[in-house]
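I'm opening a fresh page for this one. My plan is to look things up one at a time and jot down what comes back.

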Amino acid sequence: MWNPFAIIGRVVLATLEEIGQLSLFTWNGVSHVVRPPYFFRLLGQQMMRIGYFSLPVVAMTAFFTGGVLALQIYYGGSQYNSESIVATIVALGITRELGPVLAGLMVAGRVGASIAAELGTMRVTEQIDALTTLSTNPYKYLVAPRLVAAVITVPILVLIADIIGVMGGYMVATKNLDFNGGVYLANTIDFLKTDDVTSGLIKSAVFGFIIALMGCFHGFNSKGGAQGVGRATTNAVVTASILILAADYVMTSLIFKS
Amino acid sequence: MTKLKIDLKNVSKRFGSKTVLNGLSLSIPSGESTVVIGGSGTGKSVMLKCILGIITPDAGEILVDGVDVVKLRGGDRDAYLAKFGMLFQGGALFDSLPVWENVAFGLIQGRNMARGKARDIAIEKLAKVGLGADVAKLYPAELSGGMQKRVGLARAIAADPEIIFFDEPTTGLDPIMADVINDLIIATVKDLGATALSITHDMASARKIADHIAMIYKGRIIWNGPVGRIDDSGNDYVDQFIHGRAEGPITMDLLKP
């Protein structure tokens with residue numbers, strides 16, 4: 001039982017099993033995204049739930065992040081030519097990194113948890129088995145619409161977050177730090193390139209996929225009643241958050257190397 | 001000799017180190033009602049899920065209408081599943097949908113029927129299980145346990161299946177409602193001319209709805225016969241089970257106080 005080799009073996013086997021299950025699950029989910037029939041009604045519903053209802057959370061996060069970024073750069077950086085530095089760094093920081101990552105983490109907490117809890121409850125009350133007996137593939141009916149909805153809506157959320165984040169920086173800079181608003185905006189627009197925004201949006205599409213996939217995967221495989229659903233929810237949020245940060249690192253190193 | 005609808009041959013399934021089905025064989029005649037009795041954890045639910053393809057058995061054959069169904073995939077599997085209706089133990093109603101959409105689900109999603117037409121059929125099926133059209137608009141959470149069971153039954157028969165599975169149809173109901181459900185099961189099965197397979201540990205229900213009874217123990221069928229022979233089965237396990245005795249060949253894995 002406590003033989004170190006046995007422990008290592010068990011851990012390796014469990015990890016491999018989990019990776020195998022996840023790969024199979026991803027394949028099943030994605031293959032049903034591309035194969036007809038398509039459930040547009042469900043897709044619309046999920047886009048509302050994942051995208052529209054996440055707007056307030058994402059907007060508030062972006063606003064305060066932009067504001068605090070402006071303050072920190074002003075206090076920490078050189079205060080002599082801060083007027084150009086604050087605007088540029090806020091814009092770059094928000095569009096390249098903080099917008100996508102913070103919006104991704106907030107959506108993972110809000111949406112990933114709710115997907116896992118919903119599908120987990122459907123699993124333990126046999127509703128997912130019931131779908132099968134009613135000639136409806138649960139991957140097609142439950143997983144595919146959530147994957148597509150997240151991949152479409154998270155980038156839109158991040159685009160809105162980018163704008164609100166920059167506005168947060170602008171508000172703090174003009175109200176608290178007595179910057180000139182026109183100069184601030186001119187600096188933002190001059191230094192910001194299209195690539196800064198698009199790289200963030202590409203990242204956020206990947207984050208959306210990760211969030212929906214983790215929510216669905218852990219929900220689908222939950223077992224053992226209320227406690228199992230709770231565990232699935234926690235796992236969905238934790239794994240999605242870690243994968244978002246890891247994927248962010250990998251994508252940043254790929255995108256900005258070229 | 002009646003025609004066989006479902007024929008399970010030496011079906012085995014293990015989960016990790018735990019053997020759940022251990023070479024189970026069972027023949028289910030067409031158009032009749034077979035009830036499988038057995039204690040908790042003897043493999044009853046796993047057997048149903050193997051037939052439906054929700055769980056893939058490790059070994060053995062499952063013939064339905066003479067076709068081995070274990071390896072069916074894609075469109076063949078969808079066509080195969082369209083033969084079935086199932087009443088789940090907890091109802092397994094979709095709580096995000098109103099009652100009529102639950103009943104009509106297989107027609108709308110599975111068979112692409114227009115919603116208006118499916119709704120009419122749903123209301124007709126609800127009437128068959130004694131529920132009025134006013135219930136159709138309610139959500140499952142607003143119904144009592146007995147009503148949920150009846151909605152589940154209406155959903156199971158909505159697409160006029162050839163085979164209906166009943167998973168513990170009377171568990172958790174009061175004795176009177178249990179008997180109402182039993183009567184509904186008999187009436188709907190006869191009405192459709194369907195083959196019924198039920199699993200239960202409620203002997204009153206089993207005696208009432210069964211043409212044949214089979215007993216499952218440790219993943220195998222240990223006795224199988226017409227319902228009239230259940231009291232003189234000559235099998236000690238069956239005797240112990242139907243009389244509900246703690247003493248006998250079946251031992252529960254309990255620590256004695």
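**Entry 1: a cysteine to start with.** I began with Cys216(A): buried or exposed? Cys216(A) counts as buried, because its relative accessibility is 0%, and the cut-off for buried is under 20%. A note to self before I go on: this is a predicted model.

**Entry 2: another cysteine.** Next I checked Cys50(B) in the other chain. Its relative accessible area comes out at 4%, so Cys50(B) is buried too. While on cysteines I also looked for disulfides, and over all chains I found zero.

**Entry 3: how chain A is divided.** I looked up the domains of chain A next. The assignment gives domain 1 as 1-31 and domain 2 as 39-255. Their C-alpha centres are 28 Å apart. For the contact, I noted eight residues from domain 1 of chain A and eleven residues from domain 2 of chain A.

**Entry 4: what sits between those two domains.** I wanted the area here. Domain 1 and domain 2 of chain A bury about 820 Å² between them, and carbon and sulfur atoms give 82% of that. Which residues of domain 1 of chain A lose the most area to domain 2 of chain A? I wrote down Leu22(A), Phe25(A) and Gly29(A), which together make up 61% of what the domain 1 side buries.

Then I went looking for charges and polar pairs across this interface. I got zero salt bridges. For residue pairs in polar contact, with both at pLDDT 80 or more, I got zero as well. By class, the side of domain 1 of chain A that touches domain 2 has three nonpolar residues, four polar and one charged.

**Entry 5: how chain B is divided.** Over to chain B. Here domain 1 is written in pieces, 1-83 + 162-169 + 194-257, while domain 2 is 89-160. I put the distance between their centres, taken over C-alpha atoms, at 27 Å. Seven residues from domain 1 of chain B and seven residues from domain 2 of chain B take part in the contact.

**Entry 6: between the domains of chain B.** The area buried between domain 1 and domain 2 of chain B is about 500 Å², with carbon and sulfur atoms giving 50% of it. On the domain 1 side, Ile164(B), Asp167(B) and Glu168(B) lose the most area to domain 2 of chain B, together 51% of what that side buries.

How many salt bridges are there between domain 1 of chain B and domain 2 of chain B? I counted zero. I did get three residue pairs in polar contact between these two domains (both at pLDDT 80 or more). I sorted the domain 1 side that touches domain 2 of chain B by class: four nonpolar residues, no polar ones and three charged.

**Entry 7: where the two chains meet.** Last stop, chain A against chain B. I have 15 residues of chain A in contact with 25 residues of chain B. About 1,600 Å² is buried between the chains, and 58% of that comes from carbon and sulfur atoms. In chain A, I marked Glu126(A), Thr133(A) and Leu134(A) as losing the most area to chain B, together 34% of what the chain A side buries.

There are two salt bridges between the chains. I looked up one where the side chains of Asp129(A) and Lys49(B) meet, at 3.2 Å from N to O. I also noted four residue pairs in polar contact between chain A and chain B, both at pLDDT 80 or more.

Notes. Residues are numbered from 1 along each chain as its sequence is written. Chains are lettered from A and ligands numbered from 1 in the order in which they are written. This is a predicted model: local features need pLDDT of at least 70, side-chain atom pairs count only at pLDDT 80 or more; totals for chains, interfaces and linings use all residues. Side-chain values use heavy atoms; hydrogens and water are left out. A disulfide is a pair of cysteine sulfur atoms within 2.5 Å. Buried means under 20% relative accessible area, exposed over 50%, partly exposed in between (1.4 Å probe, protein chains only). Domain bounds come from an automatic or database domain assignment. Contact means heavy atoms within 4.5 Å. Buried area is the accessible area (1.4 Å probe) that two parts lose on being put together, summed over both. A salt bridge is a side-chain nitrogen of Lys or Arg within 4 Å of a carboxyl oxygen of Asp or Glu. A polar contact is a pair of N or O atoms within 3.5 Å; within protein, one must be able to donate a hydrogen and the other to accept it, and residues adjacent in sequence count only if both atoms are side-chain atoms. Ala, Val, Leu, Ile, Met, Phe, Trp, Tyr, Cys and Pro count as nonpolar, Asp, Glu, Lys and Arg as charged, and the others, Gly among them, as polar.
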